[in-house]
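Thanks for sharing this one. Here are a few friendly notes to read alongside the picture.

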Amino acid sequence: MQSLSNRSKQVSQKEMTFMESIYLPAIIGGLMITIRHFFAKKITIRYPEIKKLFSKNWRGVHVLKKDEQGRERCTACGLCALSCPAEAITMEAAERKKGEENLYREEKYAARYEINMLRCIFCGLCEEACPKEAIFLTNEELAPSRMDRGELIFGKDKLVEKQHDPDNKKRGGGPLEERLFHSKENSSYKSTFEGISNS
Amino acid sequence: MDIYFILGKLILIVIIFAISLLTAMYSTYGERKIAGFFQDRLGPDRAGPWGILQPLADGGKLFFKEEILPVNANMALFIAGPSLSMLTACMSTAIIPWGTYLDIFGTKFVLQVADVNIGLLYIFGVVSLGVYGVMIGGWASNNKYSLLGAVRAASQNISYELAMGLSVIALIMLNGSLSLAEISRNQGESLFGLSGLNWNIFYQPLGFLIFIVCAFAECNRTPFDLPECETELVGGYHTEYSSMKLGFYLFAEYINMFVSSAFMAVLYFGGYNYPGINFVEANLGHNAAVIIGLAALFAKILFFIFFFMWVRWTVPRFRYDQLMKLGWQILIPLAIFNILLTGVGIMLFDN
Amino acid sequence: MIDKVFYFLSFLAILAGLMVVFTKNPVHSVLYLILAFFAIAGHYILLNAQFLAVVHIIVYAGAIMVLFLFVIMFLNLNAETEPQKPIFYKFIGVILSGVLLTLFVGAFRKLDPIYSDLPQTDIGLIKNLGIVLFNEFTLPFEIISILLLAAMVGSILIAKKDKAVVE
């Protein structure tokens, strides 16, 4: 079979020659390899100062989006809960009252919307299923850790988008890099990232 | 014996003690940093600039860790083990010649704690005692793995001591003295028209090779770190140790590394001599030449410590039967052959 | 000064020697024996025999006692596993040590007290020792080396596996 890396070597068990059996040339060869790495460019990313980019299809913690006028998009149709393979999503629907038009876009809205982060597998099927483009896994937070199980059931207080951003229609907006990179622009960090993705 | 002589020696002892401890301390940092660099990482760089406070953090951690004494351990010997390791590791620094002498206000200040005329044998005496710390600690832990580690350490050290001794005999034949000061002085003569380059490595390459391999084995360093082989023996002889007692064992290893690097530099690489020592002495004065020599010796020692680490991160560990085969069937005959070769060489060239 | 060091070392050597016999734990016995060897090495240094002192430490404390310790650690000796020896052995032991004691006492009684204050000589230094060894005592030296060689060959023969038995 053709090897994938073209670096495979045929193993042979023939007698070692004298030069091989004194091992020293092989050891010196090994030392040369390691000293090359000693002076090679280091790939360490110094994390708190330099943050690595999130990938284009990064799936973080869920965000319940609002529309251009700051109204919640979710109508509590339940398709996300239905599509969820881990059964992590539950919700309770309620009817919009008079005077709440500036809070909820549709006449029906989710009074309670909870995602159990212990169950969620971050597959993104809820995002696919949503007909109203209301739920996205764009929050650039890793799977959260808490001291208490109860704290890991995220309600609307944690999920709903904090303030309305008119450009942020679907998965943010603007050029991809700006959306996915952490807020602080850092050119050295960017070059590090490119160096890694190119190598 | 005047009071200044004793005072001078005391100061020298304290300085050398401090330097060897400091070097050992920073060897732990160097080990981690160098390991990182060999693996394309940066190594510890958080504590202080470039992480240079890391050894203090490590030491503090070890001091404040919980001290666990196994119930069925032999208490007195359990504590004696790491202490003996430290003691024997520190003892051999006494006879390293750091330079000829400093001339301070007309007083000669010899840069060697004790110039015993059996210097080389003293080293072997101390080195052969080094194994007791490991053996006693391993046995007193009352643990199978510790005992196996201790037994391995004992047989390994005894086996490699023989080859080491035989490799040094050729060197003694060449120098006609066991005193390290004398050996250093002999290497200060000129070679290839350069003063201070008459190093023994040019006469004893094979002997040096045997010596360095044995030094690796005596320090229990990779590729010969079978006494603490974690894939087979959990932690080897220090499985049951915690807190600063474990720290002492680890620290003793680094002091041993420093000491054996120093001996390699003194015995084979000219000690405090460097090319052009006479030129410096003639132009800059005696004290400057001695201080540069001290720096040269330190550079050599640091290089050998680096070499220890370099090999550690390159060569994988030996199997135990391979280790014994190398020691008894290859290194010892090779060392005897080297003695014969040196004898023939002395016959041919000196007469 | 030298006197005090001498008495201290002698006390240490005798104490360690007694402890070798009286301790129950064989590992402790070995360690006390090492201590005794150190005390004796100290005596050699007092006599300005540095070479002898260091070789004593290297050979006895550094090699032979390590092997002793090595074996004893494996044996796991304790009171339960100690074999019951017949009283007859103890009887023989007492007689033999009594004979040895009489021998020593007799020898020391005859000893010339002139040796109690040895002049400071350099005979113990390695150079002088070598000259004496290779000039006056060449024959005994060579005979001892042949004896050691024979012992070495014998031990290798014993340690070597018998091929017929293995197959």
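The points below take the interface between the chains, then a sheet in chain A.

1. Please keep in mind that this is a predicted model. Every value here is computed from that model.

2. Let's begin with who touches whom. On the chain A side, 17 residues are in contact with chain B, which contributes 16 residues of its own. The two chains bury about 1400 Å² between them, and carbon and sulfur atoms account for 69% of that area. Within chain A, the residues that lose the most area to chain B are A:Leu31, A:Phe38 and A:Lys42; together they make up 38% of what that side buries.

3. Now for the charged and polar side of things. The rule finds 1 salt bridge across the interface of chain A and chain B. A:Arg46 and B:Asp45 meet through their side chains in a salt bridge, at 2.3 Å from N to O. There are also 8 residue pairs in polar contact across this interface, counting pairs with both residues at pLDDT 80 or more. As for composition, the chain A residues that touch chain B comprise 10 nonpolar, 4 polar and 3 charged.

4. Moving on to the sheet: in chain A, 3 strands form an open, antiparallel sheet in the order β2-β3-β5. Its edge strands are β2 (89–95) and β5 (153–154), each pairing on one side only.

5. If you would like to trace one pairing by eye, try β2(A) with β3 (residues 108–116) of chain A, which run antiparallel and are joined over 7 bridges. A handy place to look is A:Glu95, whose bridge partner in β3(A) is A:Lys108.

How values were computed:
Residues are numbered from 1 along each chain as its sequence is written. Chains are lettered from A and ligands numbered from 1 in the order in which they are written. This is a predicted model: local features need pLDDT of at least 70, side-chain atom pairs count only at pLDDT 80 or more; totals for chains, interfaces and linings use all residues. Side-chain values use heavy atoms; hydrogens and water are left out. Contact means heavy atoms within 4.5 Å. Buried area is the accessible area (1.4 Å probe) that two parts lose on being put together, summed over both. A salt bridge is a side-chain nitrogen of Lys or Arg within 4 Å of a carboxyl oxygen of Asp or Glu. A polar contact is a pair of N or O atoms within 3.5 Å; within protein, one must be able to donate a hydrogen and the other to accept it, and residues adjacent in sequence count only if both atoms are side-chain atoms. Ala, Val, Leu, Ile, Met, Phe, Trp, Tyr, Cys and Pro count as nonpolar, Asp, Glu, Lys and Arg as charged, and the others, Gly among them, as polar. Two strands pair if DSSP finds at least two bridges between them. Helices (H or I, at least four residues) and strands (E, at least two) are DSSP runs, numbered from the N terminus.
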